[in-house]
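Me: I'm new to this one and would like to go through a few parts of it slowly. Can you take me through it as I ask?

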Amino acid sequence: MTDARQHSTTTPRVAAFDAWIRNRFIDLNTALEDLYAQQSNRSNVEGIGDDLKISLLDEGRDLIVPILEEGNTDEGFDLAFELLGNVGYYMAACRRHEITEPSRERTSPLVEASTLALHLGATLGTAPRFVTSHMETYNRAVDGRYRTFTWRDAETTFLNYNTRSAFKYMRAADALGHIHPMGVSHPAVHDLLVVAKDALTDALAMNTELGQVLDVDEFFFCVRPYYRPYRVGNTEYRGANAGDFAAFNQLDMLLGLCSPTDLSYNQVVAEKFPYLTPSEQQQLRAAYRHPNLLDTFLGQQASSDQPWFQKHAAAFLDVCQAHGAAAAQHHDDLVANFIQRPAEGIPPEHLDGLTASGPPLAILMRALEGLRDRRLAVDRDDIPTRHADITALGALLAPR
C-alpha cells in the first residue's frame with residue numbers, strides 16, 4: 001500500500017513529495033555519502049558530486065512549488081508536522097551537502113522551501129525546521145521503514161536506539177508527573193517511583209548498547225552532518241539535538257536536581273521550547289509549575305521516622321541516582337566518543353558548524369558537563385547543584 005493511500009486525507013502533491021523523500025531523496029544522499037567516503041578528507045564536500053547536488057536541489061524544489069501553489073496545508077497536526085519534517089529533511093540535506101551554508105548567506109537560497117517551512121511552523125507553533133521529533137517520535141514508518149537521510153546502517157542504528165531510549169525517558173517523566181496531585185505519602189507513589197527508576201535504568205542500558213554497536217566514523221561523518229543549523233528565510237535555526245524532548249527537563253525539575261530559577265539552566269530550557277511539539281511544550285510548562293520532589297521530602301523531615309517516608313524517600317533517591325547515571329553515560333560515553341574525540345582529527349577549517357547547537361565544540365562541552373553534574377548532584381562551587389540537599393535527605397534514612 002502506498003504512503004498516499006495510507007494517509008488518505010493528504011493531497012496528491014504532498015504525497016508525491018513524501019514519496020520522493022522516502023525513496024529518491026535517500027538514493028541521492030547515499031550516493032553523495034559514498035563519494036565523500038572515498039576522499040582522504042571526509043569533512044570536505046565541496047566540488048564533489050555536483051551533478052547529484054543539482055538533482056537534489058531541483059527535484060525537491062519542483063515538488064515543493066506545487067504544494068505552495070495549492071495553499072491548503074491545514075490537514076491536522078500530524079499531517080502538517082510530517083510535511084514540515086519533509087521540507088526540513090530537504091533543507092537539512094542541502095545544508096549537509098553545502099548547497100546552502102548559513103555563514104555565507106544572509107537569507108536562505110531555498111526560497112520556496114523557506115516559505116513553506118515558515119508557514120507550517122507558524123501554523124503549528126514550532127520552529128520552522130526539521131527537529132528531533134521528525135526523526136523519532138513523529139517519524140511514520142511505511143512497510144517497516146521510516147524516513148531517513150541515507151540507506152546507511154549507522155543512521156538506522158542511531159535512530160532505532162535513540163527513539164526507544166526517548167520513550168523510556170518519557171515513561172519516567174510521566175510517572176513522576178502523577179505524584180504532585182497525590183502527595184508524596186500516598187501509597188501509590190512508591191510504585192510510580194519504581195516505574196521511573198526502572199525506565200531510567202532501561203534507558204541507561206539502551207544507550208550503553210548503542211555506544212557498543214554504533215560505528216563512530218559512520219556516525220560522525222555520515223549521520224551527524226545532517227543535524228546542523230541552517231537558515232529558514234533570513235533566520236538561522238540551530239540543528240536537531242538528541243535532547244529535544246520535554247522528558248529530560250521534566251525529570252530534572254520534578255526531581256529537583258535542576259532549578260528553573262537557575263539562570264544558566266533556565267536558558268537551556270527556554271531555548272528548547274520551539275523545537276518541541278506543542279504537547280511537549282505543555283508538559284514542560286507543567287514541570288515549571290509543580291513543586292519539586294526533593295524539596296517536598298525535605299519539607300517533611302518531621303515524618304522521617306514514618307515507614308512511608310523511609311520507603312518513598314529511598315525510592316526517590318534511587319530515581320535520582322538512575323537519572324544521574326544515565327546522564328553521565330550519555331556525556332562520558334556517547335558525546336565524548338562519538339563527537340568530541342573524532343573532532344580532534346578534523347582540520348580547523350571544518351570545525352565551524354560542527355555541533356548541532358551552533359556554538360564551538362569546547363563551549364558546548366562545558367555546558368553539557370554542567371548539565372551532567374547538576375543531574376549527578378556533584379559537589380561544585382561554580383554552579384548550583386543539590387549535592388548538600390541530596391546528602392541531607394540520605395542522612396535521614398536508615399541504612400539499607
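Me: Let's start with α4; which of its residues are exposed on the other side?
Reply: Bear in mind that this is a predicted model. On that other side of α4, the exposed residues are D51, I54, D62 and E69.

Me: And which residues of α4 are buried?
Reply: Those are L52, K53, L56, G60, I64 and I67. Looking down the axis of α4, these buried residues fall within an arc of 100 degrees, so they line one face of the helix.

Me: What covers the buried residues of α4?
Reply: The cover includes α2 (12–22) and α3 (24–37), and also α5 (77–96) and α6 (111–124).

Me: How far does α4 reach from its first C-alpha to its last?
Reply: Helix α4, which runs over residues 50–70 and has 21 residues, reaches 31 Å, close to the 30 Å expected at 1.5 Å a residue. Just after α4 comes G71, which takes a positive phi of about 80 degrees.

Me: Which residue has a positive phi although it is not a glycine, in the loop between α5 and α6?
Reply: That is E98, with a phi of about 60 degrees, and it lies in the loop between α5 and α6. Most residues other than glycine have a negative phi. E98 counts as partly exposed, because its relative accessibility is 26%, between the 20% and 50% cut-offs.

Me: What about A377, is that one buried or exposed?
Reply: A377 counts as buried, because its relative accessibility is 8%, and buried means under 20%. A377 lies in the loop between α16 (361–376) and α17 (387–395), and its phi is positive too, at about 55 degrees, although it is not a glycine.

Me: Back to T100, where is that found?
Reply: T100 is found in the loop between α5 and α6, and it is buried, with a relative accessible area of 4%. Leaving out residues up to four places away in sequence, T100 touches C94, R95, E105, P109 and L110.

Me: Changing topic, at what angle do α8 and α11 pack?
Reply: Helix α8 (residues 153–177) and helix α11 (residues 246–255) pack at an angle of about 35 degrees, and their axes are 9 Å apart. Their crossing is left-handed.

Me: Which residues meet there?
Reply: From α8 they are Y169, M170, A172, A173, L176 and G177, and these meet A247, F248, Q250, L251, L254 and L255 in α11. Sorted by class, this contact of α8 with α11 has 10 nonpolar residues, 2 polar residues and no charged residues.

Key. Residues are numbered from 1 along each chain as its sequence is written. This is a predicted model: local features need pLDDT of at least 70, side-chain atom pairs count only at pLDDT 80 or more; totals for chains, interfaces and linings use all residues. Side-chain values use heavy atoms; hydrogens and water are left out. Axes are lines fitted to C-alpha atoms, for helices over the stretch in contact, and angles run from 0 to 180 degrees between N-to-C directions. Helices (H or I, at least four residues) and strands (E, at least two) are DSSP runs, numbered from the N terminus. A crossing is left-handed if the near helix is turned anticlockwise from the far one by less than a right angle, and right-handed if clockwise. Contact means heavy atoms within 4.5 Å. Ala, Val, Leu, Ile, Met, Phe, Trp, Tyr, Cys and Pro count as nonpolar, Asp, Glu, Lys and Arg as charged, and the others, Gly among them, as polar. The expected span of a helix is 1.5 Å times one less than its number of residues. Buried means under 20% relative accessible area, exposed over 50%, partly exposed in between (1.4 Å probe, protein chains only). The arc is that of the directions from the helix axis to the C-beta atoms.
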